[in-house]
Amino acid sequence: KKNMCIAGVALNQHDQFPLVILNSREETMKRGTTPIRIQNNKIFCGVDLETNKGTWSGLNTENGNYALLTNIVHKKHLKIENDKPKLVGINNNNNKPLQSRGILVMKALENSIILSHQENYPYRFDNYQILLGNLKRFMSIQQENKEINLRDNDQNFTMDSDGFIFYTSESKAKPIHLPYQKKKVFVYANGSSDEVYKKETYMKDELKRILKSPTKDFDKDVLPQLNALFLHQPIKYQSTGSKEDYWHAKENNIFVENGQFEKTVSQTILVYDKSSPNNLTYYIRDTLHDSVNALKSNPKWEVIKIPFEQKKK
């Protein structure tokens, strides 16, 4: 996997919209994926048909669990053959069977994930990083408006804790906690914990700028600017066979158009709007067959509201 995915979380950057989560997913164009919809009557996600029905991101509409996973790619493992990027020289130094990382997301949504480094699993995954949280709990804290203390200890994390956790499978990295009441913009792509791509910095800065606006109309004032952010493409990648050209585009572009092999295939925005306190709103679009220019003139966002019932006090 050579993906150029990127995700961003804006916590408490706007009084009206205290949670905005962005995800731009890049994939090989031939990979089979279902549309992002309710699966099995409760899981809102797209399904990867090639990996035992796993997913890259989803929301459990019953218990509120949320997860968003990206893979990790190292430049030293990238090789270009016949204008097509591939990974080589990855050392999987054990005989454990390889499992799809999408299974981890499904387990998290069902509340059965165990955060652990590779050596503690009965099987192995290619490297990944994952954001976990419970949006039902987030909504409840927003409505209660009281101070919450989150312990900085990954051993104490559960899916109904009082903050997100960002976890990476790389052994040297420590989990990052994002308390639900903290003001924070957190962005991650496909690099290691010590790598920051230019597109990550760009998304972080743009999210802060966009959400400074006092507007209360997300569709009119915020969505067009997020659309422009999603279409950020300063480097026009050409299939020259150059590893450096490919990596340069990877580090800079949010929207990916890599000829016939890889492309940005879907983009989502998840928003919590305080004016609708028991709902989450998804903006989703399939971009497999669309160019940047086409999406500038016709953004194609589909809006889906996910209702939650909060417990009565």
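1. In this predicted model, strand S6, which runs over residues 65-71, is mostly covered, with 7 of its 7 residues buried. The cover extends to both faces of S6: Asn 65, Ala 67, Leu 69 and Asn 71 are buried on one side, and Tyr 66, Leu 68 and Thr 70 are buried on the other. This two-sided listing can be read against the general pattern that, in a regular strand, side chains alternate between the two faces of the sheet.

2. One pairing of S6 is with strand S5, residues 57-60, and here the two strands run in the antiparallel sense over 3 bridges. Within this pairing, Leu 59 has Tyr 66 of S6 as its bridge partner, and Tyr 66 is itself among the buried residues of S6. The two strands form a hairpin with 4 residues between them, and Gly 64, which sits in the turn, has a positive phi of about 90°.

3. S6 also pairs with S9, again in the antiparallel sense, and this pairing comprises 7 bridges. Leu 68 stands opposite Leu 131 of S9, and Leu 68 is one of the residues that are buried on the face of S6 shared with Tyr 66 and Thr 70.

4. Turning to charged side chains, the structure holds 6 salt bridges, and one of them joins Glu 110 to Lys 42, with the closest N and O atoms 3.3 Å apart. The pair links distant parts of the chain, since Glu 110 belongs to the loop between helix H1 (102-109) and strand S9 (128-134), whereas Lys 42 belongs to the loop between strand S3 (37-39) and strand S4 (43-45), and the two are 68 residues apart. Glu 110 has a relative accessible area of 41% and is therefore classed as partly exposed.

5. A further salt bridge is formed by the side chains of Asp 162 and Arg 137, with an N to O distance of 2.6 Å. Asp 162 lies in the loop between helix H2 (135-144) and strand S10 (163-168), while Arg 137 lies in helix H2, so this pair ties together parts that are 25 residues apart in sequence. The two partners fall into separate accessibility classes: Asp 162 is buried, at a relative accessible area of 17%, and Arg 137 is partly exposed, at 22%. With the boundary for buried set at under 20%, the assignments deserve to be read together with the values themselves.

6. The side chains of Glu 27 and Arg 25 also meet in a salt bridge, at 3.6 Å from N to O. Both Glu 27 and Arg 25 are buried.

7. Thr 168 is located in strand S10 and counts as buried, with a relative accessibility of 5%. A polar atom of the Thr 168 side chain lies 3.4 Å from the backbone oxygen of Tyr 128.

8. Two residues other than glycine merit a look at their backbone angles. Asn 12, placed in the loop between strand S1 (6-11) and strand S2 (19-28), has a positive phi of about 55° although it is not a glycine, and at 15% relative accessibility Asn 12 counts as buried. Lys 300, placed in the loop between helix H6 (292-297) and strand S16 (302-307), likewise has a positive phi, of about 70°, without being a glycine, but Lys 300 is partly exposed, with a relative accessible area of 38%.

Methods: Residues are numbered from 1 along each chain as its sequence is written. This is a predicted model: local features need pLDDT of at least 70, side-chain atom pairs count only at pLDDT 80 or more; totals for chains, interfaces and linings use all residues. Side-chain values use heavy atoms; hydrogens and water are left out. A salt bridge is a side-chain nitrogen of Lys or Arg within 4 Å of a carboxyl oxygen of Asp or Glu. Buried means under 20% relative accessible area, exposed over 50%, partly exposed in between (1.4 Å probe, protein chains only). A polar contact is a pair of N or O atoms within 3.5 Å; within protein, one must be able to donate a hydrogen and the other to accept it, and residues adjacent in sequence count only if both atoms are side-chain atoms. Two strands pair if DSSP finds at least two bridges between them.
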